[in-house]
Amino acid sequence: MTLINALRNAIALPRFALSLVSGCTAVLVLIPAVGHADDTSIRFQLDWRFEGPSAPFLMAEEKGYFADEGLDVQIDSGSGSAGAINRVASGAYEMGFGDLNALVEFLAENPEGPGIQGVYIVYDGTPAAVFARKDSGIESPADLAGKTIAAPAFDTGYRAWGVFAAANDLEADAVEWQNVDPTLRETLLTRGDVDAITGFYFTSLLNLEERDMSEEDLTIMPFPDYGVPLYGNAIIASESFAEANPDAVQGFLRAFNRALGETIADPEAAIEYVKNRDGLIDVEMETRRLKLALESVVDTPEAREQGVGSVDEERLAQAIQLVADAYDLPSVPSPEQVFTSRYLPAQEARMLFTSEGE
C-alpha cells in the first residue's frame, strides 16, 4: 500500500488535499493541519484593523497559546468597537474586543437582548483624547470654549464629551461639533479647518504626524489625565456562550494574558505577529502605536497594583453612571451586567508590571 493510500485510510484526508500531495514531505506538512475534533471553536472580532495593539491576540493564535488551551480561535479584523459588540450580540462571534462604554450603551438600549459581558479589561483607561492646535490659543480645556471640534459620530471622545466637559468645569455646549468621516478628521485639523478633534490617542497622534503635524504643534488632553475615570476596551463574551463554555473563556483569557505579558516585555518582537497577518503594515509605525497604547492605557497605577484585566467595582459603577448620563441612556445597567471577573486568570498571573515602575 502506498503512503498516500495509508494516510487516506488512517485520517481520511479530503480529496482536494490529497491532490496537493506530491511526495512524502508534502504529506507530512499536511498532517498537522488536521485539527482536534474536541477543540472549542471561538470566533473573535477585533475592534479595528490588524495594527500594533492587536499584537497579543495574534501572537496567542500563531504561537499556539489558544491551541494549548484546547481552543480553535478565528480572529477577524473589525470596523469599530461598537461593531464588535453588535457582532457578538448577533451571534456571529462568540467573543470580541470592544469599548466597555459602548457595551454599557448596548445593554441599556437592549434590556431584553442577548447578554454580553466584559471579561478582561485591556485598556484600563479610555484612549480618547482631545487634540487641539496650539496656534488656536488652546492650552487647557477652558480654552476650548467657542472652538470647533471634529469627530465621527461614533467616536468615544465625542460620545463622552459631556463627561470630559463636566470634569473640567466646561459647559458641554460650549463648543461647536462637526460630524466628520474618520478618514478626514486629522486632515481637517492639519489644514486648520477645525480647532480640535477627538480620537484615540495612539491613532490620531500618529495620523497627525503622518500629515506633518508634530506634538509641538499640539495641545493633547488624554481623557484619563483630565479627570475622566472611564474604562476603555475590554475582551467581551456572549453570556450564553460563556455560561455554556466557562473553561473555554477561561482558557482564552489565560492564553491572551500570557501573550500580553510577552508583548509588554518585547513589543518589537510582538509586532512580527501583526506583520505575519498583514504584510503591508508599516512595522516602525505599528511598533510605536503598540508602545503608545501600552504606555498610555495598559500600564497604569491600577494595573501595577492590582494586575491587568480586572476592574475596581466602585470606579466601574461610577463609570457606568457617567456614561448613562452623558449618552442619555434609557436605563442604567448594573456593574454585574457589564463585567464579570469569574473567568479571569489568578491575580498573580496578571501582575505583568512591577509596582515600582521598573
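# A guided tour, starting at two packed helices

Select helices α11 and α15 (residues 283-298) to begin: they pack with their axes 9 Å apart, at an angle of about 140 degrees. Keep in mind throughout that this is a predicted model. Are the two helices antiparallel or oblique? The angle of about 140 degrees falls short of the cut-off, since only angles over 145 count as roughly antiparallel; α11 and α15 are therefore oblique to each other. Their crossing is right-handed.

Now show the side chains where the helices meet. On the α11 side, pick Tyr201, Phe202, Thr203, Leu205, Leu206, Glu209 and Glu210. Their counterparts in α15 are Met285, Arg288, Arg289, Leu292, Ala293, Ser296 and Val297. An α-helix has 3.6 residues a turn, so residues three or four places apart point the same way.

**Next stop: the sheet beside α11**

Keep α11 (residues 201-210) in view and add the strands β5 (128-133), β8 and β9, because the helix lies across these three. Relative to β8, α11 runs at about 125 degrees.

Which sheet do these strands belong to? Select β7, β6, β8, β5 and β9, in that order, and you have an open sheet of five strands with mixed pairing. Its edges are β7 (176-179) and β9 (218-222), and each of these pairs on one side only. From one strand to the next, the twist averages 25 degrees.

Zoom in on β6 (residues 148-151) and β8 (residues 196-200): these two run parallel and are joined by two bridges. Look here for Ile149, which stands opposite Ala196 in β8.

**On to the second sheet**

Move to β2, β1, β3, β10 and β4, which in this order make up an open sheet of five strands, again with mixed pairing. At the edges stand β2 (71-76) and β4, each with a single partner strand, so one side of each has no neighbour in the sheet. Here the twist averages 30 degrees from one strand to the next.

Select β10 (residues 233-238) on its own. Are its residues buried or exposed? Six of the six are buried, so the strand is largely enclosed by the rest of the structure. Color Asn233, Ile235 and Ala237, which point one way, and then Ala234, Ile236 and Ser238, which point the other way; all are buried.

Which strands pair with β10? Strand β3 (residues 95-99) does so in the antiparallel sense, over five bridges, and here Gly98 has Ala234 as its bridge partner. Strand β4 (residues 116-121) also pairs with β10 in the antiparallel sense over five bridges. Along β4, find Ile116, whose bridge partner in β10 is Ser238, and Gln117, which stands opposite Ala237.

**A covered helix**

Select helix α7 (residues 100-109) next. How many of its 10 residues are buried? Nine are, leaving the helix mostly covered. The buried ones are Leu100, Asn101, Ala102, Leu103, Val104, Glu105, Phe106, Leu107 and Ala108.

**Last stop: the nonpolar core**

In soluble globular proteins, nonpolar side chains tend to be buried together. The largest nonpolar core in this model has 110 residues. Which of them have the most contacts inside it? Select Phe44, Phe131, Leu144, Ile235 and Phe252 to see them. Finish with helix α13 (residues 246-265), which gives the most to this core, with nine residues. You have met Ile235 already, as one of the buried residues of β10.

Conventions: Residues numbered from 1 in each chain as written. Predicted model: local features only at pLDDT ≥ 70, side-chain atom pairs only at ≥ 80, totals over all residues. Heavy atoms only, no water. Pairing = 2+ DSSP bridges. Helix = DSSP H or I, 4+ residues; strand = E, 2+ residues; numbered from the N terminus. Axes fitted to C-alpha atoms, helices over the stretch in contact; angles between N-to-C directions. Contact = heavy atoms within 4.5 Å. Core = buried A, V, L, I, M, F, W, Y, C linked by side-chain atoms within 4.5 Å. Buried < 20%, exposed > 50% of the residue type's maximum accessible area, 1.4 Å probe, protein only. Parallel < 35°, antiparallel > 145°, perpendicular 65-115°, else oblique. Left-handed = near helix turned anticlockwise from the far one by under 90°.
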